[in-house]
Amino acid sequence: MSDAIHDEKILILDYGSQYTQLIARRVREAHVYSEIHPHTLSAAAIQAFNPKGVILSGGHRSVYDAGAPDLNPAVLALGVPVLGICYGMHLLARHYGGVVQPSNKREYGHATLLHDPQQPTPFPSFFKHVSLQATRPWPNKVWMSHGDHVTQLPHSFRVLAHSDSGIIAAIGSRDDRLVGVQFHPEVNHTENGEQLIDDFVRTLCGCRGLWTATGVIEREIALARQKVGSDHVILGLSGGVDSAVTAAILHRAIGPQLTCIFVDNGLLRLNEGDEVMATFAQHLGVKVIRVAAEERFLSRLQGVSDPEKKRKIIGHTFIDVFEEEAKKITGARWLAQGTIYPDVIESAGAQSATATTIKSHHNVGGLPEKMGLALLEPLRELFKDEVRQVGLALGLPPRMIHRHPFPGPGLGVRILGEVRKEYADLLRRADAIYMEELYSSGHYHKTDQAFAVFLPVKSVGVMGDGRSYDYVIALRAVETKDYMTAAYYPMPHELLGRIARRIINEVKGINRVTYDITSKPPGTIEWE
Ligand code: XMP
């Protein structure tokens, strides 16, 4: 089986930076496969990984602190190019006899980079944007986030660039094999930072860029065929991007040997079940079993208003239903899941370097073992944006691929308090109007997540000549990069007014609409 996409690999050793995943993504965007591992990775594992280059991440410690992580000597023994970012640069400098010290003027945030364009550099496409003066034509802004910096260069190194306040901002060994930057090329705040990463992987490490969506698809198809043979595979389809792309790739690979199970829990958005069936069963010809389980979910949720209890009930009911359906599929030996690379890194970080866990929000935790099934995870190596590219290349509808995240427990967390069918129906219709207006006004893709929330409280209103006493809908829309923090989306008032009018006119039972302007923190994105 051809595995060309892995012929070129960059190893990223994590020294605890909050940006390490971004480094890996930038390398992938340069079409080179990258993996993140803890800085303690064993010499044997480093050698076996056989990378074309190594990147040492940043970290919040100071290299001269007692107990601060050291440079892993196995990295240098490889003889391949090494890029140290921030803490990584400090490690390189110190290792070769340089001095790292705290700065009296702390360079946090934006700094301007200065470099003599006449000077040769290992980063030609990045430095062509940088000038010798802090003034025009190109005051290249970079992002700094550490108080320490290199104050004395090792003998075998030269300075490649300074910051406008005189701090050494980039260094390179005389043979250009070892390079370090004080700033973070991986974050968006650094202008043209992606070109520095591209220069490193292509110019220094000599990679050609074999990591492409088509390459990934071909390999995963071949791998799935080889693993599965003539066995049967089952997959829980949720309507989300990850399980959708998993289904599409496996359908290409093994066609009728794949059966998807789509559980309609009564907590889906308007027409969602029909849309999933239309895309997969009718359009792509995937075998999908649609399980109508609304009653079962809603009856178990009856009278329960505690958010955590609701989540547990929804999760357990899903497992029960899924398991029952899966048992009916004779000869199934594999369970496919849409686990993606950030899930793998996060679970490894939380447990041990090699640990992996089942993607818990897919609500099938523990199922493979319980049912004696082997796991198949074709997206395990991919970041979310790569999953999207693969999905588009496989012909999935762009609207499905670029949808906002939707929580596993669905509308169950967007109906406050007890979940009732009446509430779910009202919410579905209000949410559909909201989405329709966001799409048609062009605002859907400007926000990162938007949805309606049902509040089970009634308030008085006037409708025509009469008085109404109906429920409230809250609208939420946020801007966020990582969903850990979020700001409310500044939705135009005129658009909000139109959405509110439509919901109140078209959804009988709702007479008041509000817009949530809470940021996260202190709020969360979902209400619950
Ligand atoms: P919060 O509300 O914690 O949400 O600010 C952060 C992001 O996570 C999503 N979310 C979930 N996603 N299963 C999921 O797949 C869940 O149980 C779940 N709960 C919250 C939420 O929609 C937001 O994008």
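This is a short talk on the shell around a ligand and on one loop residue, Lys508.

Before the details, some ground rules. The model is predicted: local features need pLDDT of at least 70, side-chain atom pairs count only at pLDDT 80 or more, and totals for chains, interfaces and linings use all residues. Residues are numbered from 1 along each chain as its sequence is written, and side-chain values use heavy atoms, with hydrogens and water left out.

Ligand first. It is surrounded by 11 residues, where near means that a heavy atom of the residue lies within 4 Å. The closest are Arg311, Gln449, Lys520, Ile525 and Glu526. By class, the shell has 4 nonpolar, 4 polar and 3 charged residues. Here Ala, Val, Leu, Ile, Met, Phe, Trp, Tyr, Cys and Pro count as nonpolar, Asp, Glu, Lys and Arg as charged, and the others, Gly among them, as polar.

Which distances separate the side chains from ligand oxygen atoms? For Arg311, an N or O atom of the side chain is 2.6 Å from one. For Lys520, the value is also 2.6 Å. For Gln449, a polar side-chain atom lies 2.7 Å away from a ligand oxygen. The protein covers 78% of the 500 Å² of accessible area that the ligand has on its own, by the Shrake-Rupley method with a 1.4 Å probe.

Now Lys508. It sits in the loop between helix H17 (493–506) and strand E20 (510–515); helices (H or I, at least four residues) and strands (E, at least two) are DSSP runs, numbered from the N terminus. Leaving aside neighbours within four places in sequence, Lys508 is in contact (heavy atoms within 4.5 Å) with Leu426 and Arg429. Lys508 and Arg429 are 79 residues apart in sequence and 9.9 Å apart in space, C-alpha to C-alpha.

Technical notes
Polar contact = N/O pair within 3.5 Å; in protein donor to acceptor, adjacent residues only side chain to side chain.
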